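Got your viewer open? Let's take a walk through this model, one selection at a time.

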Amino acid sequence: MLNSAEEAQGVKLRAFVIIVVAIVVQVTVANRLPLPGGVTPDLVLLTVLALALFSGERVGMVAGFFAGLAVDIAPPADHTIGRYALVYCLIGYGCGMLRLDVQRSPVLPFVMVGVGALIGNLAYALVGMMLGDPRTSWDAVTRIVPLAVLYDLLASPFVVWAVLRLSRRSERMEPRGGLSVPGYARLGRQQR
């Protein structure tokens, strides 16, 4: 049986691997998709949201900060470093706080991911306006944000499913002594 320190290390390692995979897929695949409007789904934001909803506010906040920092410096980094780190950190923390409420419903995680994508895109634009980014104006926000949220919503079932699957698969590989069902007490074998 794993102690709490080993379990925490496992959660951190899983979150790190999932974020790295999301960043690689974002930079190599999603950013190159020829979608209408010149906007692509933000797979890293969706991954941070899913990690926060399944692992809690601490994992969401830390994963959001480091994922955002990595996105800030990943090509094409044409904005102020720290914008994504701030937005992803706040979104990860906020969604992580709602983890227990969301895990009781099969549909609510996708609703929360949609709301998180909307808030994340608006927050990124707002931070850009506060920092004086010349590409960020209300006209651009009203034109781009709805399209970005739509693409995020279309991609969210796949990203949320993949994050849940990767998290659960790695948990099954670890000897835990029972089955952990979100929102319920631990079920399974008793230690003898």
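Which residue forms a salt bridge with Arg-135? Select Arg-135 and look for Asp-133: the two form a salt bridge, with the closest N and O atoms 3.2 Å apart. Keep in mind that you're looking at a predicted model.

**Stop 1: the whole chain**

Zoom out for a moment and switch to cartoon. You should see 7 helices and 0 strands, so to speak an α-α-α-α-α-α-α pattern if you read along the sequence. The protein has 192 residues, and 41% of them count as buried. Turn on the surface and you have about 11,200 Å² of accessible area, 68% of it belonging to carbon and sulfur atoms. As for how the chain comes together, take the contacts between residues at least 6 apart in sequence: 68% of those join residues at least 24 apart.

**Stop 2: the salt-bridge network**

Go back to Asp-133 and add Arg-83 to the selection. These two also form a salt bridge, and here the closest N and O atoms are 2.8 Å apart. This pair links distant parts of the chain: Asp-133 sits in the loop between helix H6 (108-130) and helix H7 (138-173), while Arg-83 belongs to helix H4 (residues 83-97), 50 residues apart.

Show Arg-83, Asp-133 and Arg-135 together, and you have a linked network of salt bridges. How many salt bridges does a search of the whole structure find? The search finds 2. As a reminder of the chemistry, side chains of opposite charge can pair when their charged atoms come close.

Now color by accessibility. Is Asp-133 buried or exposed? Asp-133 counts as buried, because its relative accessibility is 13%, and the cut-off is under 20%. Arg-83 is buried too, at 3%. Arg-135, on the other hand, is partly exposed, with a relative accessible area of 46%.

**Stop 3: around Arg-83**

Stay on Arg-83 and show what surrounds the side chain. Leaving aside residues up to four places away in sequence, Arg-83 touches Asp-72, Tyr-124, Val-127, Gly-128, Leu-131, Asp-133 and Thr-136. Among these, Tyr-124, Val-127 and Gly-128 are buried residues of H6.

**Stop 4: along H6**

Select 108-130 to see H6 on its own. The helix has 23 residues and reaches 32 Å from its first C-alpha to its last, close to the 33 Å expected at 1.5 Å a residue. Which residues of H6 are buried? Highlight Pro-109, Met-112, Val-113, Gly-114, Gly-116, Ala-117, Gly-120, Asn-121, Tyr-124, Ala-125, Val-127 and Gly-128. While you look at that pattern, recall that an α-helix has 3.6 residues a turn, so residues three or four places apart point the same way.

Step just past the end of H6 and click Gly-132, which takes a positive phi of about 80°.

**Stop 5: over to H7**

Next, pick Ala-148 in helix H7. Ala-148 is buried, with a relative accessible area of 5%. Not counting residues up to four places away in sequence, Ala-148 touches Val-39 and Asn-121, and Asn-121 is one of the buried residues of H6. Try a distance too: the C-alpha atoms of Ala-148 and Leu-118 are separated by 8.3 Å, although the two residues are 30 apart along the chain.

**Stop 6: the nonpolar patch**

Bring the surface back and select Met-61, Val-62, Phe-65, Phe-66, Leu-69, Ile-73, Ile-81, Tyr-93, Met-97 and Leu-98. Together they form a nonpolar patch on the surface, with about 910 Å² of accessible area. Helix H3 (57-73) and H4 are the elements that give two or more residues to the patch. Which element gives the largest share? H3 does, with 6 residues. Met-97 is in helix H4.

**Stop 7: the loop after H3**

Move to Pro-76, in the loop between H3 and H4. Pro-76 is exposed, with a relative accessible area of 60%. Draw a line to Asn-31: the C-alpha atoms are separated by 9.4 Å, with the two positions 45 residues apart along the chain counted as their separation.

**Last stop: the cysteines**

Finally, select Cys-89 and Cys-95. Cys-89 counts as buried at 17% relative accessibility, and Cys-95 is buried as well, at 6%. How many disulfides are there? The count comes to 0.

Key. Residues numbered from 1 in each chain as written. Predicted model: local features only at pLDDT ≥ 70, side-chain atom pairs only at ≥ 80, totals over all residues. Heavy atoms only, no water. Salt bridge = Lys/Arg side-chain N within 4 Å of Asp/Glu carboxyl O. Helix = DSSP H or I, 4+ residues; strand = E, 2+ residues; numbered from the N terminus. Buried < 20%, exposed > 50% of the residue type's maximum accessible area, 1.4 Å probe, protein only. Disulfide = S-S within 2.5 Å. Expected span 1.5 Å × (residues − 1). Patch = residues over 30% accessible without salt bridge, like charges linked within 9 Å, V, L, I, M, F, W, Y side chains within 5 Å. Areas by Shrake-Rupley, 256 points an atom, 1.4 Å probe, with all protein chains shown as cover. Contact = heavy atoms within 4.5 Å.
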